[in-house]
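Visitor: Hi! Could you walk me through this one in plain words?
Guide: Happy to. Let's bring it up first.

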Amino acid sequence: MSNTTVAAPIRERVLRGLVLHADHEITHEGHGVYTVPGCSGGTYRVDLVPFGGEESCSCPDFLRHKTPCKHIFSATIWRSKSRAASLRTQRPKLSPEAVEAGLDRMGA
Ligand SMILES: [Zn+2]
């Protein structure tokens, strides 16, 4: 194992983050803090630090590597979609139905 290969694992985590976002519910606790479900049933606390600085996550992966994990990517994706949705509809959160409708539109 090498500590210098960063790009490939990050790419993998982005993809896993996308899957996580599609499959699980992310909760915005306020002030840039999100609760993101982990694959093994627990939840992790992600802090996206809205005013700059370093994102952080409470999962073992982030604590060990100090690089953005899939939970951070999931929360980032969720936040960007949530902002876009609230600009259009003033709703704070995307419903699963709205996400599915959006995916249908993109696929059509
Ligand atoms: Zn994490």
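Visitor: Let's start in the sheet. How many bridges join S3 to S4, and which way do the two run?
Guide: Two bridges join S3 to S4, and these strands run antiparallel. Two strands pair if DSSP finds at least two bridges between them. One partnership here is Val46 with Cys57 in S4.

Visitor: Before we go on, what kind of model is this, and how are residues numbered?
Guide: This is a predicted model: local features need pLDDT of at least 70, side-chain atom pairs count only at pLDDT 80 or more, and totals for chains, interfaces and linings use all residues. Residues are numbered from 1 along each chain as its sequence is written.

Visitor: Cool. How many helices and strands are there in the chain?
Guide: The chain has four helices and four strands. Helices (H or I, at least four residues) and strands (E, at least two) are DSSP runs, numbered from the N terminus.

Visitor: And in what order do the elements run from the N terminus?
Guide: The order is α-β-β-β-β-α-α-α.

Visitor: Back to the strands. In what order do they form the sheet?
Guide: The four strands form an open sheet in the order S1-S2-S3-S4, with antiparallel pairing. S1 and S4 (56-57) stand at the edges with a single partner strand each, so one side of each has no neighbour in the sheet.

Visitor: How many bridges join S1 to S2?
Guide: Three bridges join S1 (residues 27-30) to S2, and the two run antiparallel. Thr27 stands opposite Thr35 in S2, and Gly30 stands opposite Val33 in S2.

Visitor: What about S2 and S3?
Guide: S2 pairs with S3 (residues 43-47) over five bridges, in the antiparallel sense. Val36 stands opposite Tyr44 in S3. These two strands form a hairpin with five residues between them, and Gly41 takes a positive phi near 110° there.

Visitor: Which residue has a positive phi in the turn between S1 and S2?
Guide: That is His31, in a hairpin with two residues between the strands. Its phi is near 55°, a positive value in a residue other than glycine.

Visitor: Why mention that?
Guide: Because most residues other than glycine have a negative phi.

Visitor: Where else is there a positive phi in a residue that is not a glycine?
Guide: Lys66 has one, of about 60°. Lys66 is in the loop between H2 (60-65) and H3 (70-89).

Visitor: Is Lys66 buried or exposed?
Guide: Lys66 counts as exposed, because it has 10 C-beta neighbours inside 10 Å. A residue is buried if 20 or more other C-beta atoms lie within 10 Å of its own, exposed if 12 or fewer, and partly exposed in between; C-beta atoms are placed from the backbone. His31 also has 10 such neighbours inside 10 Å, so His31 counts as exposed.

Visitor: What share of the residues count as buried?
Guide: Of the 108 residues of the chain, 19% count as buried.

Visitor: Which side chains of S2 are buried?
Guide: In S2 (residues 33-37), Tyr34 and Val36 point to one face and are buried. Val33, Thr35 and Pro37 point to the other face and are not buried.

Visitor: Which residues touch the most other members of the largest nonpolar core?
Guide: Tyr34, Val36, Val46, Cys57, Ile72 and Ala75 do, in a core of 13 residues. The elements that give two or more residues to this core are S2, S3 and H3, and H3 gives the most, with four. A nonpolar core is a set of buried Ala, Val, Leu, Ile, Met, Phe, Trp, Tyr and Cys residues joined through C-beta atoms within 7 Å.

Visitor: What does Tyr34 touch?
Guide: Leaving out residues up to four places away in sequence, the contacts of Tyr34 include Val46, Leu48, Ala75 and Trp78. Two residues are in contact if their C-beta atoms, placed from the backbone, lie within 7 Å.

Visitor: New topic: helix H1. Where is Arg13, and is it buried or exposed?
Guide: Arg13 is in H1 (residues 7-23). Arg13 counts as buried, because it has 22 C-beta neighbours inside 10 Å. Beyond its neighbours within four places in sequence, Arg13 is in contact with Pro68, Cys69, Lys70 and Phe73.

Visitor: Last one: how many residues of H4 are buried?
Guide: Zero among its twelve residues, so to speak hardly covered. The end C-alpha atoms of H4 (residues 96-107) are 16 Å apart, which agrees with the 16 Å expected at 1.5 Å a residue. The expected span of a helix is 1.5 Å times one less than its number of residues.
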